[in-house]
Every structure is written in C-alpha cells, then in structure tokens.
Amino acid sequence: MDFFKRLMNRVFSFFGIKQTKTCQEKHQHFIGVQDVVDRFPEEYKTDEDLLNLVKHMCDLTVHIQISKGESGFLHGTGFIQRVRTERGIKCPDRNCSLREKSHAWVVVTVTTVYHVVETQGNAELAEITLNFDQDVPPSPSCRGCKLLESDKETDHYDWCAVECESHELDLEEKLKSSISSLEELQRATYERYTGADPRLVVVVGHPHGGPKKVTFGKWTKKDILKEIRSNQDWCRYVHTSATCPGSSGSPVFILGQPLCGYGYWFGHPHNHSGRAPDDSLAFTSIGSELSQ
C-alpha cells in the first residue's frame with residue numbers, strides 16, 4: 001500500500017468517514033503527475049501539444065486548505081488564472097513585517113468552485129499550495145485575501161475566483177510563462193480538433209487533499225444554462241472522469257471546446273463541481289464558450 005493510500009486511510013479514520021466502494025474503485029484511475037506521459041490516452045500519445053498542455057495545467061493547479069477550527073480542514077483544488085505584482089505600503093498580509101514600508105508582493109488569482117470558499121472569511125483563511133506533486137506537501141506559497149467574483153445564481157453555476165497574495169516575487173515570471181504557454185496550446189489544439197468531436201476530458205486535482213492527480217474521461221452531455229451575449233453561452237459539462245472529495249475546484253479541460261476567452265470572467269473555463277447522486281458521472285461548474 002503506497003503512502004497516498006495510507007494517508008487517506010488515516011484521514012478517513014480520524015474524521016470517521018467511510019470510503020465507499022465506488023470511491024476506492026476511482027482511486028485506480030488517479031495518475032500521478034510523474035506518470036502522466038506513460039498513462040496518457042493511447043490515441044493522443046503522439047500529440048506533443050496536448051501532452052504539454054496537460055503539463056502546464058498541472059503546473060497551474062493548486063491545493064486549497066481552509067481551517068474549520070476544531071472540525072479540522074476543508075480541502076479543495078484551484079487553478080491559477082492570472083498573476084500580477086503590486087507595490088505599496090499596505091499589502092493584504094496583515095502580519096507582513098514590511099507592511100509600513102514600500103515593498104512589492106504578488107497577487108495570484110485562483111479560480112475554484114463557490115462551495116469550497118463561499119465567504120470572504122473563508123477566502124482569508126485559504127492556504128494555497130503550489131507543486132504539491134509528491135507525498136510530502138511543500139509549504140503554502142500564497143494566502144487568500146479576497147473573494148473576487150462568483151457565479152452562484154443556481155446550484156448549476158458554482159464558480160468563484162479568489163485573489164491570493166505572496167511575497168515570493170519570482171512567482172510572477174514563472175506563472176505568467178505557464179499561463180501564456182497554456183493559452184497558446186489551447187488555441188493550437190482547438191484548431192486541430194474542432195469539428196472532430198473528440199470528447200476527451202482532463203481533470204487535474206487534489207483528491208482527499210493529497211498529492212496532485214490527473215484523470216481522463218469523456219464528456220457525455222452539455223447543458224446550456226444561459227445565453228450571456230449574442231455569441232456566448234454559459235454552460236456545464238457532464239463527464240466520466242474520476243473525482244473524489246477534495247477534487248472540487250479542479251480545472252477541467254475539454255478538448256475542442258470553443259473557449260471565448262481565457263482568464264476573463266466572461267471567458268473562464270470550467271472547474272469540477274460535483275457528481276451525480278449515484279456517483280456514476282461528474283459535472284463541471286459553469287463555464288463560458290462560443291455559441292455553436
């Protein structure tokens with residue numbers, strides 16, 4: 001039994017949570033970041049753009065942990081969508097030793113689902129960990145400071161963005177490079193697969209608050225929830241990818257999807273939202289795409 005399984009057993013035991021048979025079965029479909037290339041779907045293994053796209057997705061996927069006091073921790077997943085550097089005397093970190101002096105900090109915008117964060121108070125408690133790819137997590141790189149946007153009009157929408165701050169100033173250059181590369185690869189793969197109806201779905205997340213895992217599946221249904229502009233729809237997808245508690249907020253990539261933007265509120269991609277009552281299928285948060 002590997003470390004991840006032992007860790008999950010201890011977590012479930014501590015909180016009195018019983019693993020269902022379907023949950024245990026789904027774990028065999030979780031792929032560690034280091035094994036993605038070897039376990040990539042056979043029909044796409046020769047597509048270097050698609051392989052690199054998934055690698056950048058992994059680089060931008062983060063673990064979210066929110067303290068719930070004596071109840072323990074809430075675990076979720078998020079996706080870095082934008083990053084910038086600010087300078088001044090009042091950074092969002094109230095404990096910053098430089099707060100009364102002019103200094104710089106990095107602002108990272110993380111998208112996730114509303115049911116993970118829900119309130120400004122929870123946003124401020126959120127610890128964001130990058131590169132949690134191995135059994136032992138690194139220290140959190142960012143802390144939440146502002147619940148920025150949310151789509152919560154119905155249970156089907158379930159999307160939000162959180163601004164986080166960090167004093168690791170080299171983060172901006174690293175993250176901007178990954179974001180830019182991901183955007184270019186999304187455009188390239190969309191042009192290659194548009195009209196081919198590939199139906200491939202890729203989810204990257206932190207199931208049970210553990211190391212980052214990748215799962216592959218197929219989408220089975222698309223629900224149009226609302227027309228937001230003459231050529232744009234809010235929609236959500238139903239798909240077969242394996243997910244577990246802790247996967248909420250995971251970025252969901254849908255091959256061939258006509259995204260109408262990237263990193264803007266009217267163009268944001270989907271995050272993992274939940275599963276059907278019988279646990280047979282997963283569904284995404286609201287996302288935006290060009291009408292077809």
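A charge is said to sit over a ring if NZ of Lys or CZ of Arg is within 6 Å of the ring centre and within 35 degrees of the ring normal. In this predicted model, Arg 236 lies over the face of Phe 283, at 4.8 Å from the ring centre. A further case involves Arg 199. Its charged end sits over the ring of Trp 219, 3.8 Å from the centre.

Trp 219 also takes part in an aromatic pair. The structure holds three such pairs. Trp 219 and Tyr 237 meet edge-to-face, with 5.1 Å between centres and 85° between planes. Trp 219 belongs to strand β9 (residues 213-229) and Tyr 237 to strand β10 (residues 232-239), so the pair ties together parts 18 residues apart in sequence. Both residues are buried.

Another of the aromatic pairs joins Tyr 44 and Tyr 193. This contact is edge-to-face too: the centres lie 5.9 Å apart and the planes make an angle of 70°. Tyr 44 is in the loop between β1 (31-32) and α3 (48-60), while Tyr 193 is in helix α6, so the pair ties together parts 149 residues apart in sequence. Tyr 44 and Tyr 193 are buried.

Helix α6 covers residues 171-193. At 1.5 Å a residue, its 23 residues should span 33 Å. The end C-alpha atoms are 32 Å apart, which agrees. The buried residues of α6 include Leu 171, Leu 175, Ile 179, Leu 182 and Leu 185. Polar and charged names appear on that list as well, among them Glu 172, Ser 178, Glu 183, Gln 186 and Thr 189. After α6 comes Gly 195, whose phi is positive, near 85°.

Notes:
Residues numbered from 1 in each chain as written. Predicted model: local features only at pLDDT ≥ 70, side-chain atom pairs only at ≥ 80, totals over all residues. Heavy atoms only, no water. Helix = DSSP H or I, 4+ residues; strand = E, 2+ residues; numbered from the N terminus. Expected span 1.5 Å × (residues − 1). Buried < 20%, exposed > 50% of the residue type's maximum accessible area, 1.4 Å probe, protein only. Phe/Tyr/Trp six-rings, centres within 6.5 Å; stacked < 30°, edge-to-face > 60°.
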